[in-house]
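Colleague: I'd like a close look at a single part of this model, taken slowly, with its surroundings filled in. Could you walk me through one spot and then work outwards from there?

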Amino acid sequence: MSESAPPTAVPDQETIARASAWVAPLRSEIARVLVGQTELVDRLLVALLTNMHVLLEGVPGLAKTLAVRTLASALHADFKRIQFTPDLLPADVIGTMVYHPKEGNFTPRLGPIFANLVLADEINRAPAKVQSALLEAMQERQVTIGENTYKLPDPFMVLATQNPIDQEGTYTLPEAQLDRFLFKVRVVYPTPAEERRVLDAMATSAPKLDVSQVTQAKDIVASRAVVNAIHMDEKIRDYIVSIIQATRTPDAVAPHLKLLIRCGASPRGTINLALASKALAFLNGRNFVIPQDIKDLAPDILRHRILLSYEAEAEGVTSEEVIKQLLDKLPVP
């Protein structure tokens with residue numbers, strides 16, 4: 001049995017209901033504009049509740065930008081979009097010092113990173129120096145311009161996108177940066193019924209995309225204390241550890257998986273899986289985590305933290321298939 005965390009007062013259902021009163025109106029308002037993609041929206045809300053970032057992967061045209069913009073409008077939060085290109089400079093993201101000849105001094109000009117929700121579009125097209133500047137912002141919640149350090153707003157979330165098909169002119173994201181993302185979410189095509197609704201709503205030169213503010217970003221920040229106090233049973237904690245351990249020693253679960261995984265998840269994956277499962281329980285109106293929360297979130301949390309072997313890549317095995325096999329083999333509490 002793993003060592004238990006320090007005891008905290010578990011919120012009762014009335015406290016959960018009061019603290020999550022913004023969830024249903026926010027989901028409803030986003031669904032009014034964004035067709036489908038309910039899982040994507042929930043992942044974005046989980047990331048906000050856990051103070052984390054999200055990597056979105058999908059072909060163009062799947063409403064990734066619309067989802068983020070709609071969320072920002074419903075929260076009345078600051079939103080900035082940065083188009084990453086090979087010639088982008090760190091100053092284009094974080095800002096720079098501007099010299100004023102008349103006054104003979106420098107003043108900071110803050111970049112687009114100073115927003116609540118930052119969409120880093122096609123993040124893998126930016127060179128290493130830009131990635132490094134973004135990494136400081138994501139991890140430290142601050143940026144350094146000249147000799148001064150500036151705090152970023154709260155909440156602050158980076159939503160990065162990358163195209164899984166067009167890889168020409170792209171840079172592979174460093175593992176250290178990938179590990180800073182809570183989720184790597186695969187944005188999929190809509191169902192036929194959803195696509196028909198998209199056609200009916202958007203096949204016009206002036207689609208109605210007005211979004212009403214239904215809550216404020218500070219309400220989500222205030223909910224974090226309640227999320228942190230949600231109950232997680234000892235068996236659930238052990239289940240999380242067993243999943244992460246299985247990515248490192250897969251032969252203990254299924255011998256053939258040893259040939260498919262080159263490197264398993266880091267301890268940050270353990271922490272993130274626990275935090276995200278609490279946030280998902282909160283969104284679903286519970287004051288306790290259930291095993292299904294873990295199973296629902298594990299693919300998005302582990303997808304970018306497991307490095308497949310060359311044998312797996314040669315055989316066309318995906319990380320989803322490996323994660324599914326691990327989850328199927330492990331006993332559920």
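Modeller: Alanine 19 is buried: its relative accessible area is 16%, and the cut-off for calling a residue buried is under 20%. Bear in mind that this is a predicted model. You'll find alanine 19 in helix α1, which covers residues 13-19.

So what does alanine 19 touch, once its neighbours within four places in sequence are left aside? The contacts are Ser223, Val226 and Phe282. Don't mix those up with alanine 254, which is 235 residues from alanine 19 in sequence and 42 Å from it in space, going C-alpha to C-alpha.

Those contacts lead straight to a pair of helices. Ser223 and Val226 are in α9, together with Val227 and Asn228, and these four meet a group in α11 made up of Leu275, Lys278, Ala279 and Phe282. Sort the residues of that α9 and α11 contact by class and you get five nonpolar, two polar and one charged. As for the geometry, two packed helices are described by the angle between their axes and the distance between the axes. Here α9 (residues 217-228) and α11 (residues 267-283) pack at about 110 degrees, and their axes are 9 Å apart. Because angles of 65 to 115 degrees count as roughly perpendicular, α9 is roughly perpendicular to α11.

It's worth setting a second helix pair beside that one. Helix α2 (residues 23-33) packs with helix α4 (residues 64-75) at an angle of about 135 degrees, with 10 Å between their axes. That angle makes α2 oblique to α4, and the crossing of the two is right-handed. On the α2 side, Leu26, Glu29, Ile30 and Val33 do the touching; on the α4 side, they meet Leu66, Thr70, Leu71, Ala74 and Leu75. By class, the contact of α2 with α4 has seven nonpolar residues, one polar and one charged.

Now for some strands. β9, residues 181-186, is mostly covered, since five of its six residues are buried. Strand β1 (residues 53-57) runs parallel to β9, and five bridges join the two. If you want one of those pairings to look up on screen, take leucine 56: its bridge partner in β9 is valine 185.

To come back to where we started, alanine 19 is buried, and its contacts Ser223, Val226 and Phe282 also take part in the meeting of α9 with α11.

Methods. Residues numbered from 1 in each chain as written. Predicted model: local features only at pLDDT ≥ 70, side-chain atom pairs only at ≥ 80, totals over all residues. Heavy atoms only, no water. Axes fitted to C-alpha atoms, helices over the stretch in contact; angles between N-to-C directions. Parallel < 35°, antiparallel > 145°, perpendicular 65-115°, else oblique. Contact = heavy atoms within 4.5 Å. Nonpolar A, V, L, I, M, F, W, Y, C, P; charged D, E, K, R; others polar. Left-handed = near helix turned anticlockwise from the far one by under 90°. Buried < 20%, exposed > 50% of the residue type's maximum accessible area, 1.4 Å probe, protein only. Pairing = 2+ DSSP bridges.
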